[in-house]
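Here's a quick briefing to read alongside the model. Keep the 3D view open and click through the residues as they come up.

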Amino acid sequence: MNATEPRLPRRPAGARSSALATVKTTERKLVGIPVSPGVAIGPVFGASEAPAAFTRRKIQAADIQAETARLEMAILQSRKQLLKLRARLGNLPEDSQAEIAPLLDAYLQMIGPSRLVRGLRRRIAETLVSAETAVADETEAIATAMPSEADPDGAGRRADEVREIGRRLVRNLTQTPFRSFAALPSGAVLVCEGLRPADAALLDPSRLAGVATDEGGSDGHTAIMLRALGVPAVLGVAGLSQASRPGNLVVIDGAAGTVVVNPTPETLAAARRAVTAFARGQQKLARLRRLRAVTTDHVEIELQANLEIPAELPLIAQSGAAGIGLLRSEFLFMNRETLPDEEEQTETYRSVIEAMGGDQVTIRVLDWGGEKDIAALQAEGLVPEVTDENPALGLRGIRLLLRQPELFETQLAAILRASNAGPTRVLLPMVTNVSEVRAAREIYERVGRRLRRRGERLADRLPPLGIMIETPGAALSADALAIVAEFFAIGTNDLSMYTLAVDRGDADVAHLYDPLHPAVLRLVQFTTEAAMRMRLPVSVCGEMGGNPKLMPLLLGLGLRSFSMNAAAVPRVKQAVRAANLEECAALARKVMEQSDPARIRDLVLGPAPA
Ligand code: PEP
Ligand code: MG
């Protein structure tokens, strides 16, 4: 996902269609992707995005080429977003399609070989201004010059369209990642076209009833954040922002994946009963907290929690998790303009390790890239200003850290200093090569030696250094990686995405994203067996590991350690306590003989309802 979410345009000024007006009073049910369980009832809070801010800037003649290249990249990005929106129009009601399609075409034309684009290039070269400045000036000049007397409505609309495309280009140029939820009233349901992971990190779960968006997939980082926060959520609801308006009452069911706009009194009464039933179920699960995670044949299974933001610590403590199996450290770098220094990072890691009271904490070093865009890294010039054409395959995870050793060393030093506070492990993201692990270990040991010289008291053995197995390349070389790594954490989210070539956060291809695809399962099996042969600890920390229905299969494949969003721990524990390892192994054997994903789903999840 890019820094800018594709968004359907507002209703064009002067348009007559009543597609939007008709949704006001009638109940309307929309279906999306169930992301985080729970039922929410509340008024819609529409989080529109503030215009991207930028400073007007002059450039040198020598910078014309670079500035024009930035502009071309923003045009390309905008084009992709608009084409994607156009492709998704089929999900909307026909009258909305008829209204919006010509508008999208007009936008696409404007950023084709148009007067606007020629004007932008000329402005950069002739008036020596930055791309953002050129876009703002040129679109405003064109909009203002539109003759308004002959056709006041039409001209006003066209001027708006030019300004809108200008806003999109500036947003892509500045990659503005911030969105404010300060005005979100307590008990509201947040409804917007798309929500970035950095936005989700800003939400206060105690004020928010639920979240529903047009965009997004089940295992994208936004979905993960929302599950972590325990907020009922449905993503990928096509046409939602067209079908609802701020203030409309909505009911969202995060387990069923439904959103009802303007519910009837009957729907509302049923939703209220569902809220009560859900709360009662949660309470029942809470009683499992003190029970051990053991199978019926008395094998202890390790259940740990994933942590996205420190606000989750109380939830983790209440969940009965035995430590943190994946601390995604990106939160420390998000929503800020400068990077956290060694002191700040040390304090943060130390407070988490101390809060876990002697249970293990696995800290993953920064996993930048893909959909996880971080403004501070851009501001410091550590990552390209314009995201690669193909960010999921670019400078992600360990690749960036080895390219920017200072960033890596600061984080490692902070983790090592904090590791005095309790059992700690260090985890490397997006590894594909043995050489990356060797290079990372060299840096890790060098940082250890430097800290010792500085008088820091570290344990004789540095905390174990392990790796994420989240690419097919890593999974298939698990036996070689097992020699250089001290533990494996299988990241089934990225593993599914890269194996199946399906963006994990993209609603358009969500139906193809399937961690139960035999190809993904074979990679999980290969990795697990390689680790077991080498007696290497191995866990699953992707979303698969938090799905109670998948426990029998994963246990049957030999896995004994899982890390998941805190809210999932009780349900997974319930599944573990009902499991018998011999039966699990028999199930796994049967599943692994299958090549048809539908048959695998039947075996693992039970037959789909007719
Ligand atoms: C994964 O890819 O499965 C994983 C756990 O890492 P993240 O979701 O943070 O990319
Ligand atoms: Mg990952």
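What follows walks through the metal site, the ligand pocket and the salt bridges.

Keep in mind that this is a predicted model. It holds a magnesium ion, ligand 2, with E470 and D494 as its protein donors, and a ligand 1 that has 16 residues around it. Salt bridges come to 27, and some of their partners join into one network.

**The magnesium ion**

- The ion (ligand 2) takes its protein donors from two acidic side chains: an OE atom of E470 and an OD atom of D494, lying 2.0 Å from the metal.
- Those two donors come from distant parts of the chain, 24 residues apart. E470 sits in the loop between strand 13 (465–469) and helix 16 (472–476), while D494 belongs to helix 18 (residues 492–500).
- Are these donors buried or exposed? Both E470 and D494 are buried.

**The pocket around ligand 1**

- Of the 16 residues surrounding ligand 1, the closest are R328, R364, G491, N493 and R504.
- Two arginines reach oxygen atoms of the ligand with their side chains: a polar side-chain atom of R328 lies 2.6 Å from one oxygen atom, and an N or O atom in the side chain of R504 is 2.7 Å from an oxygen atom.
- G491 uses its backbone instead, with a polar backbone atom 3.3 Å from an oxygen atom of ligand 1.
- How much of ligand 1 does the protein cover? On its own the ligand has 290 Å² of accessible area, and the protein covers 100% of that.
- Helix 7 (221–229), strand 10 (324–328) and helix 18 each put at least two residues into the shell. Helix 18 gives the most, with 3 residues, and also carries the magnesium donor D494.
- Sorted by class, the shell has 7 charged, 5 polar and 4 nonpolar residues.

**Salt bridges across the chain**

- E543 and R227 pair up with their closest N and O atoms 2.6 Å apart. This bridge links parts of the chain 316 residues apart: E543 is in the loop between strand 15 (538–540) and helix 20 (551–556), and R227 is in helix 7.
- Why do both partners count as buried? The cut-off is under 20% relative accessible area, so E543 makes it at 12% and R227 at 13%.
- D367 and R396 meet in a salt bridge at 2.8 Å, N to O. D367 lies in the loop between strand 11 (361–364) and helix 12 (375–379), and R396 in the loop between helix 12 and helix 13 (398–403), so the bridge ties together parts 29 residues apart in sequence. Both D367 and R396 are buried.
- R450 and E409 form a salt bridge too, at 3.2 Å from N to O. The residues sit in helix 15 (residues 434–453) and helix 14 (residues 405–418), respectively, so this pair ties together parts 41 residues apart in sequence.
- In that pair, E409 is buried at 12% relative accessible area, whereas R450 is partly exposed at 30%.

**The shared network**

- Which residues are joined through shared salt-bridge partners? E330, R364, D367, R396, D494 and R504 form one network.
- Some of those names have come up before: D494 is a magnesium donor, and R364 and R504 are among the closest residues to ligand 1.

Methods
Residues numbered from 1 in each chain as written. Chains lettered and ligands numbered in written order. Predicted model: local features only at pLDDT ≥ 70, side-chain atom pairs only at ≥ 80, totals over all residues. Heavy atoms only, no water. Donors = N, O, S within 2.8 Å, 3.2 Å for Na, K, Ca; no water. Helix = DSSP H or I, 4+ residues; strand = E, 2+ residues; numbered from the N terminus. Buried < 20%, exposed > 50% of the residue type's maximum accessible area, 1.4 Å probe, protein only. Near = heavy atom within 4 Å. Polar contact = N/O pair within 3.5 Å; in protein donor to acceptor, adjacent residues only side chain to side chain. Areas by Shrake-Rupley, 256 points an atom, 1.4 Å probe, with all protein chains shown as cover. Nonpolar A, V, L, I, M, F, W, Y, C, P; charged D, E, K, R; others polar. Salt bridge = Lys/Arg side-chain N within 4 Å of Asp/Glu carboxyl O.
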